[in-house]
Each structure stands twice: as C-alpha cells, then as structure tokens.
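I open this notebook to record, entry by entry, what I looked up in the coordinates and what came back.

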Amino acid sequence: MVLVLAILYMLLSTEKRFVDALLLRGTAAAPLNISNYSLSNQITMPTDVLNPKLIIDVGMGYGSGLMAALGGDPSLVLLGIEGYPTNFKTCYANMFKNDQAERIPNIDSTRSRVVLGSTLVSASEGEIRFFENESPLFGSVLETDTGGDWTTQTSGTTRLPTTTLAHVLAQIPTDYSLHYLNINVNEACQVVIEGGGKAISGFNMISVDCPRSDVGRMEWSVGRKGGCSREALDFKMRRILGFEFSYCGRSHCHYARSQLHLSAITHLFRQRDWETRP
C-alpha cells in the first residue's frame, strides 16, 4: 500500500515541462548511453544497495513517477529509459533538477538509486526509424495507420539508436532481483517485449500500455501499423512467459507472478480516471 500511494503521489504532483532537444546517442556496438548525473556511456548500477530490487520504466515521456517509490523502500533501484532526445532532457530535468521532486522523502538517497538511459527499446540492436509527432510524447517506432487521431499522425521521421530489453538485462548485476517492468511506448509494446525474450519472465510485475481498440483518445494512441493486440499480448505473457495473474483496464494490461503483486499495481491504475471511464 505504501508503494502504491508513493507512486500515485508522484504521478499526480510531477510538473511536466517542454524543453529544447539534447541529442544523446549510443552506437550498436556500445552499451547504453546512461545518465546518472555524469552522462556516462555505460550502465553503472548502484553497488551499495542491500538486496537491490530493479524497476525498469521504458518510455518515460517527461519523467518517471515510479521514482517516488524509491523514497519508501531503500532496496528499490530505478532504471528509466527514454529514447526520444527532447523527452530525455525533460526527464533528466524533472527527476534531478525539478523542485517538485524535492517533496519525495529521502530525495538524495532516492536520486542515487536512479539511472537514466537515452535509447529506444525495440526488437533489435543498432538504429531504427522513428516516426515523430507534433507532440514529443506521441512519437513511435510504428508507422501511422488509417483511423488514428492526431496523436498517431507523423510530423517527420528520424533514425535513433535502439537496444533490446535482453541486452539491458544482460548488463544488470546478478545480485539484483527483477521487481517491476513498466512499458509505455505508444502501441509498440509487443516490439519491446519481443526484444526481451524470456529474460523478462523473471519480473514479479509487468505493466504494458495496450489500450482497448475502441479508446481512440488523445491519452493513448490507437492507429498504428502493428500496434498492440490484447489477444496476442495475453498469449505471449500468459502462455509463453508464464505470468499466471493478469488484469486489463482501459489503457493498460498488467501481469504478475502472484495475486498480491497484481493487486498492488492494478490498485494504482484503477485510481486513475482513465482506467475507470467506460
């Protein structure tokens, strides 16, 4: 319950700001380009955390509300990944410079357990074509299909570095347990999951942005080629990866190893207005 309330608090209080772009790129041969204050070129996870539990947030947009959970649990470590350069700079500013973040308990300790990665996550390594939108929040590796609203319309394309979840997890120290994976990538969640392989089956909880096909609202982009299919996602997560417990709301689907884990994360999402509207 403490974890749920902490996450909800941060989600409700984080200030979102537009800032200028900062291009931070890696290469296919190099590890992730990671920012933990120093903008180094390696994933360097904290080594002084007792019994560390890993949270990965893929597609942070303008910042990860999950950072708030770290203030209440000193064993949690957050690896936040955002591949669009404009959004990445905003994430860094909001999470490390924004006064709103100062409200989080034990903020100095919390920030020492946050690592940010500036790369897209997909099914392959190297570079990938990225379809931009007039709002930085709504770009995607998936092309616009017919029937989408303005959030799916392409304003331009660029090529950006990408990696896979399997590659990310291979760099995590072996003493870390896999706690929670959150994926918000504008309908491209199945591309991300494909790149994770069976390695992601080690997480206790996974949340995926996979809106109902009839949603079509600006909060969730529905209308991209190869976009998320709930039927295909459920088959992958339950039948292949073995997540026994699941729940799908209006915008997200959640998968867990136990009913307790599922209850914790679905309680958070049910508090949000968009999960309870018809």
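I count two residues as in contact when heavy atoms lie within 4.5 Å. The model is a predicted one, and I keep that in mind throughout.

**Entry: Ile200 and the cores**

I began with Ile200 and, leaving aside neighbours within four places in sequence, I found it in contact with Leu165, Leu169, Leu181, Ile193, Ile206, Leu241 and Phe243. I then looked up the largest nonpolar core, which has 43 residues, and noted that Ile200 is listed with Met45, Leu54, Ile56, Leu79, Leu181 and Leu233 as the residues that touch the most other members. I also noted a second, separate core of 23 residues, which includes Leu66, Ala68, Ala69 and Met95.

**Entry: strand 8 and its partners**

I next asked how many of the 7 residues of strand 8 are buried. The count is 6 for strand 8, residues 177–183, so this strand is largely enclosed by the rest of the structure. I looked up its pairing and found that strand 2, residues 53–58, runs parallel to strand 8 and is joined to it by 6 bridges, with Ile56 standing opposite Leu181. Strand 9 also runs parallel to strand 8, here over 4 bridges, and Tyr180 of strand 8 stands opposite Met205 of strand 9. Following the chain from strand 8 through helix 6 to strand 9, I recorded a β-α-β crossover that is right-handed.

**Entry: Val192**

I placed Val192 in helix 6, and I took it as buried because its relative accessibility is 1%, where the cut-off for buried is under 20%. Not counting residues up to four places away in sequence, Val192 touches Val121, Ser122, Leu165, Ile183 and Val185. I checked Ser122 further: it is 70 residues from Val192 in sequence, yet the two C-alpha atoms are 4.5 Å apart in space.

**Entry: the open sheet**

I looked up an open sheet of 3 strands and read its order as 5-7-6, with mixed pairing. Strand 5 (120–121) and strand 6 (126–132) stand at the edges with a single partner strand each, so one side of each has no neighbour in the sheet. Strand 5 pairs with strand 7, residues 156–163, in the parallel sense over 2 bridges, and Leu120 stands opposite Thr162 in strand 7.

**Entry: helix 7**

Which residues of helix 7 are buried? For this helix, residues 230–240, I listed Arg230, Leu233 and Met237. Seen down the axis of helix 7, these buried residues fall within an arc of 65°, so they line one face of the helix. On the other side of helix 7 I found Glu231 and Arg239 exposed. I then looked up what covers the buried residues of helix 7, and the cover includes helix 6, strand 9, strand 10 (245–248) and strand 11 (252–256). Just after helix 7, I noted that Gly242 takes a positive phi of about 80°.

**Entry: Asn204**

I located Asn204 in the loop between helix 6 (189–196) and strand 9 (205–209). Asn204 is partly exposed, with a relative accessible area of 24%. Leaving aside neighbours within four places in sequence, I found Asn204 in contact with Leu178, His179, Phe243, Tyr255, Ala256, Arg257 and His261. I looked up one of these separately: Tyr255 lies 51 residues from Asn204 along the chain, and their C-alpha atoms are separated by 8.3 Å.

Key
Residues are numbered from 1 along each chain as its sequence is written. This is a predicted model: local features need pLDDT of at least 70, side-chain atom pairs count only at pLDDT 80 or more; totals for chains, interfaces and linings use all residues. Side-chain values use heavy atoms; hydrogens and water are left out. A nonpolar core is a set of buried Ala, Val, Leu, Ile, Met, Phe, Trp, Tyr and Cys residues joined through side-chain atoms within 4.5 Å. Buried means under 20% relative accessible area, exposed over 50%, partly exposed in between (1.4 Å probe, protein chains only). The arc is that of the directions from the helix axis to the C-beta atoms. Two strands pair if DSSP finds at least two bridges between them. A crossover is right-handed if, with the strands pointing away from the viewer, the path from the first strand over the helix to the second runs clockwise.
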